[in-house]
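Reader: Hello! I would like to go through a protein model with you, one question at a time. Could you show it to me?

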Amino acid sequence: MHTVFFDSPVRDDVRRERIYDGQLFLFSPRPSMLALCEHAREMIEAAFAPLDPTMAQHELSVEEFVAIAAPLKPGFIHHPKSKQLIQKILEEYGYDLEKTYFDVPRLKIITSHAYLTAGVGYPFHPHRDTWYCAPPSQVNWWLPVYEFESESSMAFHPNYWSQGVKNSSSDFNYYDYNNTGRKNAAQHIKKDTRFQPRAEEPVEIDPQVRLVCEVGGVMLFSGAQMHSTVPNTSGRTRFSIDFRTVHIDDLIAKKGALNIDNASTGTALRDFMRGSDLARLPEEVVALYEDTPPPEGDLVFQPPAAVLSSY
């Protein structure tokens, strides 16, 4: 990793190759990205009304904050409009909607000064998404919902792009995580006991790279990048959105970043939907990444029925 491409006009295939090589891309605000932020803001501000969501942690107990955030997050993630707006984003950025697949957008809530460090407000330790069963060709998109600072951002740890780390990803199975970790996130308030793959040796977080962009801007990076949540000391809660894309030709060709230390089992590929019509990836493509037989039953996380019926 050595370059941050700012508002680069290169084609998607060139951009993907550079991302697979560890480079970062940062883009200025665009209308489609602003529309997704506005949609998120409407839901967040309705949930926390009459409080300022970025300052609400100073007015609420942790339990009261979690009671608001717990239904808000899946409500945004699985809202039909959230998916429609991502389709618009991919279209504006020039992606081939017949060959590009995306997963649902996650709403991340990172409070200041360790007010909430578990469950729905879990700040991520240094990790690669590949430790969580992401495919090597996964491209991560990250964007802020409100203005933020370096003190409330995320950090990349470039020394580990080509350097493996002893880690516990071999104990992570995607289907187990769907059935336990995701489902029970809101139950963790004071302490988070969910299994998370992490480094099993000291990680040097410096040198690190933090990118700060305007609302409506976005950064793109490989799911194999080592990155972490910066301990928020800004005094304001950070709200951000992230989602992921894959290109079916790269999946079939098994292109992507090199796997230097991931040993997780299962695959997140069934979460991805085609940009044009939300169809799932063909099972024969998913099977290319299925390292263990999948369990019986639903292999895609489903939120509580009450969340789906609230739209």
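Reader: Thanks! In which loop does proline 50 lie?

Author: Happy to start there, and please keep in mind that this is a predicted model. Proline 50 follows alanine 49, and the peptide bond between them is cis. As for its place, proline 50 sits in the loop between H2 and helix H3 (62–77).

Reader: What is omega for the peptide bond from alanine 49 to proline 50?

Author: Most peptide bonds are trans, so a cis one is worth a look. The bond from alanine 49 to proline 50 is cis, with omega near 5°.

Reader: Which residues does the other cis peptide bond, with omega about 0°, join?

Author: Let's begin with the place and then give the names. The proline of this bond, proline 207, is in the loop between helix H5 (174–179) and strand E7 (218–222). With omega about 0°, the cis bond joins aspartate 206 and proline 207.

Reader: Turning to phi, what is its value for histidine 113?

Author: Most residues other than glycine have a negative phi. Histidine 113 is found in the loop between strand E4 (106–110) and strand E5 (139–144). Its phi is positive, near 55°.

Reader: Now the helices: are H2 and H4 roughly parallel or antiparallel?

Author: The axes of helix H2 (residues 31–48) and helix H4 (residues 80–92) come within 8 Å and cross at roughly 165°. Angles over 145 degrees count as roughly antiparallel. Therefore H2 and H4 are roughly antiparallel.

Reader: Is the crossing of H2 and H4 left-handed or right-handed?

Author: First, the residues that touch: H2 brings Pro31, Ser32, Met33, Ala35, Leu36 and His39, while H4 brings Lys81, Ser82, Leu85, Ile86, Lys88, Ile89 and Glu92. By class, this contact of H2 with H4 has 7 nonpolar, 3 polar and 3 charged residues. The handedness of the crossing of H2 and H4 is left-handed.

Reader: And how are H2 and H3 oriented, roughly parallel or antiparallel?

Author: The axes of H2 and H3 come within 10 Å and cross at roughly 150°. Since the limit for this class is over 145 degrees, H2 and H3 are roughly antiparallel.

Reader: How many charged residues are in the contact of H2 with H3?

Author: The crossing of H2 and H3 is right-handed. From H2 come Leu36, His39, Ala40, Met43, Ile44, Ala47 and Phe48, and from H3 come Phe65, Ile68, Leu72, Gly75 and Phe76. That contact divides into 10 nonpolar and 2 polar residues, and the number of charged ones is no residue at all: none.

Reader: On to empty space: which elements give two or more residues to the lining of the largest cavity?

Author: The count is 1 cavity of 30 Å³ or more, and the largest cavity holds about 40 Å³ of space. Its lining consists of Asp12, Arg16, Tyr20, Tyr95, Thr100, Ser137, Val139, Thr245, Val246 and His247. Two elements fit your question: helix H1 (12–20) and strand E9 (238–247).

Reader: How many residues of the lining of the second largest pocket are charged?

Author: The second largest pocket has about 310 Å³ of space. Of the 19 residues that line this pocket, Ala134, Pro135, Pro136, Asn259 and Asn262 are the closest to its centre. Sorted by class, the lining has 10 nonpolar and 6 polar residues, and the charged ones number 3.

Note on methods:
Residues numbered from 1 in each chain as written. Predicted model: local features only at pLDDT ≥ 70, side-chain atom pairs only at ≥ 80, totals over all residues. Heavy atoms only, no water. 1 Å grid on protein atoms, 1.4 Å probe; cavity = no way out; pocket = protein on both sides within 12 Å on 5 of 7 lines; lining within 4 Å. Points joined across faces, edges and corners; volume = space filled by probe spheres on them. Nonpolar A, V, L, I, M, F, W, Y, C, P; charged D, E, K, R; others polar. Helix = DSSP H or I, 4+ residues; strand = E, 2+ residues; numbered from the N terminus. Axes fitted to C-alpha atoms, helices over the stretch in contact; angles between N-to-C directions. Parallel < 35°, antiparallel > 145°, perpendicular 65-115°, else oblique. Left-handed = near helix turned anticlockwise from the far one by under 90°. Contact = heavy atoms within 4.5 Å.
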